[in-house]
Amino acid sequence: MIGYVTLGTNNFEKAVAFYDELFATIGAGRFIESDQFVAWASAPEQAGVSVTKPFDGKPATVGNGTMVAIVLDSTDKVDAFYNKAIELGATCEGKPGPRGELSGFYAGYFRDLDGNKLNAFNMAPPAN
């Protein structure tokens with residue numbers, strides 16, 4: 001259903017470099033780009049994440065309650081993705097671990113260089 005999610009940035013070059021390195025850890029690369037917009041995905045037909053300079057020329061701001069969730073196929077990949085984000089300058093919003101509110105839900109939360117909130121998560125199949 002979702003084609004891509006867009007995050008505003010006030011430092012386009014720095015944001016693009018951050019996401020180039022971060023998404024490379026999960027095999028995602030650029031699939032759309034211009035001098036104001038770059039989007040990454042695992043494949044062009046898969047949902048993606050993008051950064052953009054706001055079209056109206058005003059400063060980018062962070063949406064309160066807005067978050068982008070990146071699904072990964074193991075808790076080890078969640079840990080690695082979260083750790084890479086922190087290494088690249090992201091700030092912690094909740095270290096990776098099981099979340100009691102949902103059985104089998106494992107997630108790590110962080111804010112990117114512009115303050116946008118993301119998480120990486122894995123949903124373990126229910127136990128039999």
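Contact here means heavy atoms within 4.5 Å. On that basis, and with close sequence neighbours (up to four places away) set aside, Phe 23 is in contact with Ala 28, Trp 40, Val 49, Ile 70 and Phe 81. The model is a predicted one, and everything below is to be read with that in mind.

Phe 23 is a handy way into the core. The largest nonpolar core has 25 residues, and Phe 23 is among the five that touch the most other members, the others being Tyr 19, Val 51, Phe 81 and Phe 110. Quite a few elements chip in: helix H1 (12-24), strand E3 (37-41), strand E4 (48-52), strand E5 (67-71), helix H2 (75-87), E7 and E8 each supply at least two residues of this core. The top contributor is H1, with seven residues. As a general point, nonpolar side chains in soluble globular proteins tend to be buried together.

Next comes the empty space. Rolling a probe the size of a water molecule over the atoms shows where such space is left. The largest pocket holds about 480 Å³ of it. Its lining runs to 21 residues, and those that lie nearest the centre are Ser 42, Ala 47, Ala 69, Ile 70 and Val 71. Sorted by class, this lining comes out as 15 nonpolar, four polar and two charged residues. Strands E3, E4 and E5 each supply at least two of the lining residues, with E5 giving the largest share, four residues. Ile 70 thus turns up in two places: by the centre of the pocket and among the contacts of Phe 23.

There is also one cavity of 30 Å³ or more, and about 30 Å³ of space lies in it. Leu 7, Val 62, Gly 63, Thr 66, Met 67, Val 68, Asn 116 and Lys 117 make up the lining. By class, that is four nonpolar, three polar and one charged.

One of the cavity-lining residues, Asn 116, deserves a longer look. Asn 116 sits in the loop between strand E7 (105-111) and strand E8 (117-123). Despite that loop position, Asn 116 counts as buried because its relative accessible area is 7%, which falls under the 20% cut-off. A polar atom of the Asn 116 side chain lies 3.3 Å from the backbone oxygen of Gly 8. Beyond its neighbours within four places in sequence, Asn 116 is in contact with Leu 7, Gly 8, Val 62, Phe 110 and Arg 111. Two of these, Leu 7 and Val 62, also line the cavity, and Phe 110 is one of the core residues named above. The same E7-E8 loop holds Gly 115, buried as well, at a relative accessible area of 19%. The C-alpha atoms of Gly 115 and Lys 95 are 16 Å apart, with their positions 20 residues apart along the chain.

Strand E7 itself carries two tyrosines of interest, Tyr 106 and Tyr 109. Tyr 106 is buried because its relative accessibility is 16%, again under 20%. The Tyr 106 side chain joins that of Asp 79 through a polar contact of 2.6 Å. Other residues touched by Tyr 106, sequence neighbours up to four places away not counted, include Thr 75, Val 78, Pro 96, Gly 97, Pro 98, Ala 120, Phe 121 and Asn 122. Ala 124 is 18 residues from Tyr 106 along the chain, with 7.9 Å between the two C-alpha atoms.

Tyr 109 is buried too, at 12% relative accessibility. Leaving out neighbours within four places, the residues in contact with Tyr 109 are Met 67, Tyr 82, Thr 91, Cys 92, Glu 93, Gly 94, Arg 99, Lys 117, Leu 118 and Asn 119. Of this list, Met 67 and Lys 117 belong to the cavity lining as well. Gly 94 is 15 residues from Tyr 109 in sequence, yet their C-alpha atoms are 4.8 Å apart.

Finally, over in strand E4 there is Thr 52, buried with a relative accessible area of 16%. Setting aside neighbours within four places, Thr 52 is in contact with Thr 6, Leu 7, Gly 8, Thr 9, Phe 12, Gln 36 and Phe 37. Leu 7 and Gly 8 are also contacts of Asn 116, and Leu 7 is part of the cavity lining.

Conventions. Residues numbered from 1 in each chain as written. Predicted model: local features only at pLDDT ≥ 70, side-chain atom pairs only at ≥ 80, totals over all residues. Heavy atoms only, no water. 1 Å grid on protein atoms, 1.4 Å probe; cavity = no way out; pocket = protein on both sides within 12 Å on 5 of 7 lines; lining within 4 Å. Points joined across faces, edges and corners; volume = space filled by probe spheres on them. Nonpolar A, V, L, I, M, F, W, Y, C, P; charged D, E, K, R; others polar. Buried < 20%, exposed > 50% of the residue type's maximum accessible area, 1.4 Å probe, protein only. Polar contact = N/O pair within 3.5 Å; in protein donor to acceptor, adjacent residues only side chain to side chain. Core = buried A, V, L, I, M, F, W, Y, C linked by side-chain atoms within 4.5 Å.
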